[in-house]
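Trainee: Could you take me through one part of this model closely? I would like to look at the sheets, together with the helices and loops around them.

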Amino acid sequence: MAGRNAITSGPVGILTALLTGIIGAGALYLAATSDERRLLNLVLGAFMLSVAAMVVLGQRRSVATWRRTELRGRPAWALALGERGQVPAVALVLTTLGIGLALAAVLDDRTGVRVAAGIPALLLLVLAAEMWRAWSRRPELRISAELVELRGPGIDSELAWDDVGAVVPENLGTRWAALVLTATAGAPSYHWRLSRFLLPTDREPDPPGIHLRFGLVPDEAQLRRVLRGLHVADRARREALIGGGLPSETGF
């Protein structure tokens with residue numbers, strides 16, 4: 001399963017969502033009924049409600065969602081990657097806070113306040129823009145009998161099964177580990193391209209291959225079984241498996 005934060009899980013998450021929701025609703029009520037500190041209350045209310053939404057979405061457990069599709073005109077499986085609901089929720093929090101700080105920087109006459117609020121506002125809005133972009137890409141892994149294709153948050157890559165060396169877990173030198181389909185030396189089918197707006201959200205695959213970060217994979221154990229099973233099978237067997245139904249229907 002993809003990781004879950006203790007603050008957004010179980011009873012603590014429910015209590016956090018309730019408290020932030022009450023504070024946010026109260027701040028919006030003050031903004032609507034009182035002229036005093038209206039902008040501050042409006043920003044605070046929107047921010048707290050966006051935090052409550054993020055926590056509520058964090059209560060959902062990750063579930064591996066497979067579907068039937070096509071890849072280069074051939075039958076394929078597709079697996080949605082990442083927490084689709086949590087990413088826009090976090091992006092909304094960053095956007096709201098960034099806009100609030102930007103308004104404070106614009107409306108305040110003091111130079112110190114403008115600098116102190118403007119710089120964090122710019123950083124938050126850039127980070128929010130990257131998260132909205134990553135969410136809009138709808139990260140997905142597609143698998144056919146001939147090819148594996150990844151459309152990740154910050155990278156696109158593809159590799160033919162004939163050029164897969166192994167399916168192994170790897171430590172990428174960061175807090176993210178990954179399940180990697182390694183590419184054989186000089187693999188002609190191996191291609192990758194980074195996708196970014198302003199900030200790097202991914203990096204050149206090392207070792208070469210398709211990197212499936214555990215934080216994006218709903219059920220790493222099942223995906224490992226699927227990939228290893230298809231890797232050791234020949235093309236005819238892969239076609240039979242993929243044509244026979246979804247992974248759960250074919251014994252994985």
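Mentor: Gladly; here is a walk through the two sheets, the helices around them and a few loop residues.

A word on confidence comes before the details. This is a predicted model, and the chain averages a pLDDT of 83, with 89% of the residues scoring at least 70. Residues 1–8 fall below 50, although this stretch has 25 contacts in the model beyond near neighbours in sequence. Where pLDDT is low, the predicted coordinates should not be read in detail. The chain holds six helices and nine strands. Of its 252 residues, 42% are buried. Among contacts with a separation of 6 or more, 66% are between residues 24 or more positions apart. The chain exposes about 13300 Å², and 62% of that comes from carbon and sulfur atoms.

Let us begin with the sheet of six strands. This sheet is open, with antiparallel pairing and the order β1-β2-β3-β4-β5-β8. Its edges are β1 and β8 (191–194), each of which pairs on one side only. From one strand to the next, the twist averages 20 degrees.

At the β1 edge, you can follow a hairpin. Strand β1 covers residues 66–71 and strand β2 residues 74–80; the two run antiparallel and are joined by six bridges. To find the register, place Glu70 opposite Pro75 in β2. Two residues lie between the strands of this hairpin. Arg72 sits in that loop between β1 and β2, and its phi is near 55 degrees, a positive value in a residue other than glycine. Most residues other than glycine have a negative phi, and most peptide bonds are trans. Arg72 is exposed because its relative accessible area, 58%, is over the 50% cut-off.

Further along the sheet order, β3 (residues 140–144) runs antiparallel to β4 (residues 147–151), with four bridges joining them. Here Arg142 has Glu149 of β4 as its bridge partner. Helix α6, residues 235–243, lies across β1, β2 and β3 and runs at about 65 degrees to β2.

Now step back along the chain to helix α4, which spans residues 111–136. Its 26 residues reach 37 Å from the first C-alpha to the last, close to the 38 Å expected at 1.5 Å a residue. The buried residues of α4 are Ala117, Ala121, Leu124, Val126, Ala128, Glu130, Arg133 and Ala134, so the list includes charged side-chain types such as Glu130 and Arg133. Arg133 deserves a closer look. It counts as buried because its relative accessible area is 15%, under the 20% cut-off. Leaving aside residues up to four places away in sequence, Arg133 touches Pro153, Gly154, Ser195, Arg196, Phe197 and Thr201.

After α4 comes Arg138, placed in the loop between α4 and β3. The phi of Arg138 is near 50 degrees, again a positive value in a residue other than glycine.

The other sheet has three strands. It is open as well, with the order β6-β7-β9 and antiparallel pairing. The edge strands are β6 (164–171) and β9 (209–213), each pairing on one side only. Ignoring direction, neighbouring strands of this sheet are turned by 20 degrees against each other on average. Strand β7, residues 177–183, pairs with β9 in the antiparallel sense over five bridges, and Thr182 stands opposite Gly209 in β9. Helix α5 (residues 220–232) lies across β6, β7 and β9, running at about 160 degrees to β6.

Two loop residues round off this region. Pro207 is in the loop between β8 and β9, and the peptide bond leading to Pro207 from Asp206 is cis, with omega near 10 degrees. Phe214 lies in the loop between β9 and α5. With a relative accessible area of 26%, Phe214 is partly exposed. Phe214 and Pro169 are 45 residues apart in sequence, yet their C-alpha atoms are 9.2 Å apart in space.

Definitions and conventions
Residues numbered from 1 in each chain as written. Predicted model: local features only at pLDDT ≥ 70, side-chain atom pairs only at ≥ 80, totals over all residues. Heavy atoms only, no water. pLDDT = per-residue confidence, 0-100. Contact = heavy atoms within 4.5 Å. Pairing = 2+ DSSP bridges. Buried < 20%, exposed > 50% of the residue type's maximum accessible area, 1.4 Å probe, protein only. Areas by Shrake-Rupley, 256 points an atom, 1.4 Å probe, with all protein chains shown as cover. Axes fitted to C-alpha atoms, helices over the stretch in contact; angles between N-to-C directions. Expected span 1.5 Å × (residues − 1).
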